[in-house]
Amino acid sequence: MKTILIPTEDHDAMPAVLEGARLIARTFDSYMEGFAVRPSPGTYVTVEPVSSLAISGVFEADTAKVKDDFEKFMQGRSVPQGGTETPAVYSYAWPRADAMEDAFIGTYGRIFDLIVLGRPGSAPENPRMPPLEAALFDAGKPVLIVPKQVPASIGRNILIAWNGSTEQAHTNAFAMPFLRQAEKVTVFYVQGGSPEGPSVEEAALHLRRNGIKAEAVTVKRGDRPSGEAIGEITLEHATSLGCDLVVKSAYTQSRLRQMIFGGATRHILAKAAVPVLMAH
C-alpha cells in the first residue's frame with residue numbers, strides 16, 4: 001500500500017476520507033495523491049430506489065477549494081509534501097491543476113495500490129456513487145470506503161466477510177498488507193446464500209499458512225432474506241468484535257440483481273459505520 005489515490009470533492013465525509021488515507025499512509029509509509037473530481041457533463045441526480053444511494057449528481061467542481069482543503073489538512077498534520085521519492089515515503093502531492101471526470105478514477109487508479117473514497121449517501125452533501133463505481137469496476141484495484149466517522153486505527157482488528165467467491169478471493173489477496181500487520185483477523189461466514197467455494201475454515205487456514213493470526217467464525221442467517229441479511233449480520237458482528245476494518249468483495253451478484261432483490265454489498269455500502277476494503 002505504498003501509493004494511495006484520493007479523489008477529492010466537497011462533501012461531508014471528505015475530512016474522514018483524508019484522515020483514513022493518512023492513517024494508512026502512516027502505517028505503510030505511503031505516498032498520497034489528491035485531485036479534484038467532477039461528474040461527467042450532462043449527468044443528473046437520480047436515486048437508486050431500493051437503497052436510496054445517489055447514483056449521480058450535477059455541480060461544478062470547485063477545484064481551488066478542494067485543493068486548498070486537501071493541502072491544509074496535510075499541512076495541519078505535518079505530512080511532508082513530496083511525490084518524487086522512490087521508493088515512496090510518507091508524503092502527499094496535488095499534481096493536477098484541473099478537475100477530472102469520474103471515469104478518470106477508473107483509469108488512473110490502475111497505477112495506485114489503493115483508492116480511498118467516502119461511503120455514498122442519498123443527501124446532496126454526501127459522497128456520490130459514480131466515483132466509487134468507477135474505482136470498483138474499472139481500476140482493478142482495492143478501494144477503501146470510509147464513513148463519516150473514522151476510527152482511531154484502521155487494520156488492527158479485521159473482519160473478512162468470506163463467501164467462497166472468486167471476488168472475495170481477489171479481495172483477500174489485495175488485503176494481504178493489512179492482514180499481515182493486523183493484531184486480530186476474523187474470517188466470518190454467514191450460512192446460506194453463498195456461491196460454491198472453499199469453506200471459511202479453509203480460508204482461515206490459508207491465512208494462517210501465510211503467517212496471519214486468523215480465526216474462522218460461522219453464524220446462522222436465520223429466517224432473514226439472504227442478501228441484505230448477510231450484510232446486516234456482517235456489520236453487527238464487526239461492531240460486536242470491535243473491528244476497525246471490514247474486507248468485503250463487491251457485487252458477487254450482479255449490481256442489477258442487488259438493486260432489485262437486495263444484496264450484502266448494497267447493504268454494507270448504505271450502512272457501514274467502519275471502513276470497508278472492497279474489490280470487484
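Trainee: How many residues does helix H2 have, and how far does H2 reach from its first C-alpha to its last?

Mentor: H2, a DSSP run (H or I, at least four residues, numbered from the N terminus), covers residues 63-76, has 14 residues and reaches 20 Å, close to the 20 Å expected at 1.5 Å a residue, where the expected span is 1.5 Å times one less than the number of residues. This is a predicted model, in which local features need pLDDT of at least 70 and side-chain atom pairs count only at pLDDT 80 or more, whereas totals for chains, interfaces and linings use all residues. Residues are numbered from 1 along each chain as its sequence is written, and side-chain values use heavy atoms, with hydrogens and water left out.

Trainee: Which residues of H2 are buried?

Mentor: Thr63, Val66, Phe70, Glu71, Phe73 and Met74 are buried, meaning under 20% relative accessible area, with exposed over 50% and partly exposed in between (1.4 Å probe, protein chains only). They lie on the same side of H2 because they cover an arc of only 155° around the axis, taken from the directions from the helix axis to the C-beta atoms.

Trainee: And what is exposed on the other side?

Mentor: Ala64, Lys72 and Gly76 are exposed there.

Trainee: Switching to the largest nonpolar core, which residues touch the most other members?

Mentor: Ile6 and Met32 do, out of 47 residues; such a core is a set of buried Ala, Val, Leu, Ile, Met, Phe, Trp, Tyr and Cys residues joined through side-chain atoms within 4.5 Å. H1 gives the most to this core, with nine residues.

Methods
Helices (H or I, at least four residues) and strands (E, at least two) are DSSP runs, numbered from the N terminus.
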